[in-house]
Amino acid sequence: TCMNWTQWVDINNITMSSEVKIPCGECVTLDAGPGQDMAGHVLEFEQGLNIVGKLVIPSGADIQLITKYVFVQGLLEMPPPPQGTTISSEDVGPKVKITLYGTDDIFFTADNATDNTHVEGEAVS
């Protein structure tokens, strides 16, 4: 069962000024669907978003994510919008918008909870 983002942030004392990591084995749903707490909000992850567990962005969500990077080592689930939804590049209607920014080099280090970690410098296959 997934926990709503607003509850997960409160319980885990998440601060957006450091990397936000969804740990392996945890599932979080951005409660940004129609009529939900986060609908229409902007979330800024100042030091990046690292998904090792699972992040669900529900169909029909209306949210903007701003971050330096998004690492997906686990699952990012984002189903298509509801049937009949008008898809447009204009900023109208509900949509998920992810904005990446910055010019710093970002280095990826696999989480120990995944099978993606390097062994003695060997490449991951």
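Let me begin with a single residue, L65, which counts as buried, since its relative accessibility is 3%. I should say straight away that what we are looking at is a predicted model, and I will come back to how confident the predictor was. L65 sits in strand β7, and if we set aside the neighbours within four places in sequence, L65 is in contact with L30, L43, F45, I57, K97, I98 and T99. Please look at the last of those names for a moment, because T99 lies 34 residues away from L65 along the chain, and yet the C-alpha atoms of the two are separated by 6.1 Å.

What about the rest of strand β7? Four of the five residues of β7 are buried, and the strand is therefore largely enclosed by the rest of the structure. To see its partners, we turn to the sheet, an open one of three strands in the order β4-β7-β10, with parallel pairing. Which strands stand at the edges of this sheet? They are β4 and β10, the latter covering residues 96–100, and because each has a single partner strand, one side of each is left without a neighbour in the sheet. From one strand to the next, the twist averages 15 degrees.

As a reminder for those who are new to this, strands of a sheet pair through backbone hydrogen bonds, and the pairing can be parallel or antiparallel. Here, β4 and β7 pair in the parallel sense over five bridges, and you can follow this on the screen by finding H41, whose bridge partner in β7 is I63, and then E44, which stands opposite I66 in β7. On the other side, β7 and β10 also pair in the parallel sense, over five bridges, and there you may look for Q64, whose bridge partner in β10 is K97.

Now let me step back to the whole chain, which has one helix and 10 strands. Reading from the N terminus, the elements run β-α-β-β-β-β-β-β-β-β-β, so please picture a strand, then the helix, and then a series of strands. The chain has 125 residues, of which 30% count as buried, and it exposes about 7,900 Å², with carbon and sulfur atoms supplying 50% of that area. If we take the contacts between residues at least 6 apart in sequence, 58% of them join residues at least 24 apart.

Which residues touch the most other members of the largest nonpolar core? In that core of 18 residues, they are W5, L30, L43 and L55. At least two residues of the core come from each of α1 (5–11), β2 (20–22), β4 (41–45), β5 (49–51) and β7 (63–67), and the largest share, three residues, is supplied by α1. L55 deserves a closer look, since, not counting residues up to four places away in sequence, L55 touches I22, V28, L30, L49, L75, L76 and E77.

Two further residues are worth finding in the structure. T29 belongs to strand β3, which covers residues 27–29, and T29 is buried, with a relative accessible area of 15%, because anything under 20% counts as buried. Beyond its neighbours within four places in sequence, T29 is in contact with C2, M3, N4, W5, V56 and P58, and you will recognise W5 from the core.

And N13, is it buried or exposed? N13 counts as exposed, at 66% relative accessibility, and its place is in the loop between α1 and β2. What catches the eye is its backbone, for N13 has a positive phi of about 50 degrees although it is not a glycine.

Finally, as promised, the confidence of the model. The mean pLDDT of the chain is 85, and 87% of its residues reach 70 or more. Among the elements, α1 has the lowest mean pLDDT, at 90, and strand β6, which covers residues 54–56, has the highest, at 97. Where does pLDDT stay under 50? It does so over residues 119–125, for which the model has four contacts beyond four places in sequence.

Note on methods. Residues are numbered from 1 along each chain as its sequence is written. This is a predicted model: local features need pLDDT of at least 70, side-chain atom pairs count only at pLDDT 80 or more; totals for chains, interfaces and linings use all residues. Side-chain values use heavy atoms; hydrogens and water are left out. Buried means under 20% relative accessible area, exposed over 50%, partly exposed in between (1.4 Å probe, protein chains only). Contact means heavy atoms within 4.5 Å. Accessible areas come from the Shrake-Rupley method with a 1.4 Å probe; for residues, only the protein chains shown count as cover. A nonpolar core is a set of buried Ala, Val, Leu, Ile, Met, Phe, Trp, Tyr and Cys residues joined through side-chain atoms within 4.5 Å. Two strands pair if DSSP finds at least two bridges between them. Axes are lines fitted to C-alpha atoms, for helices over the stretch in contact, and angles run from 0 to 180 degrees between N-to-C directions. pLDDT is the predictor's confidence in each residue, from 0 to 100.
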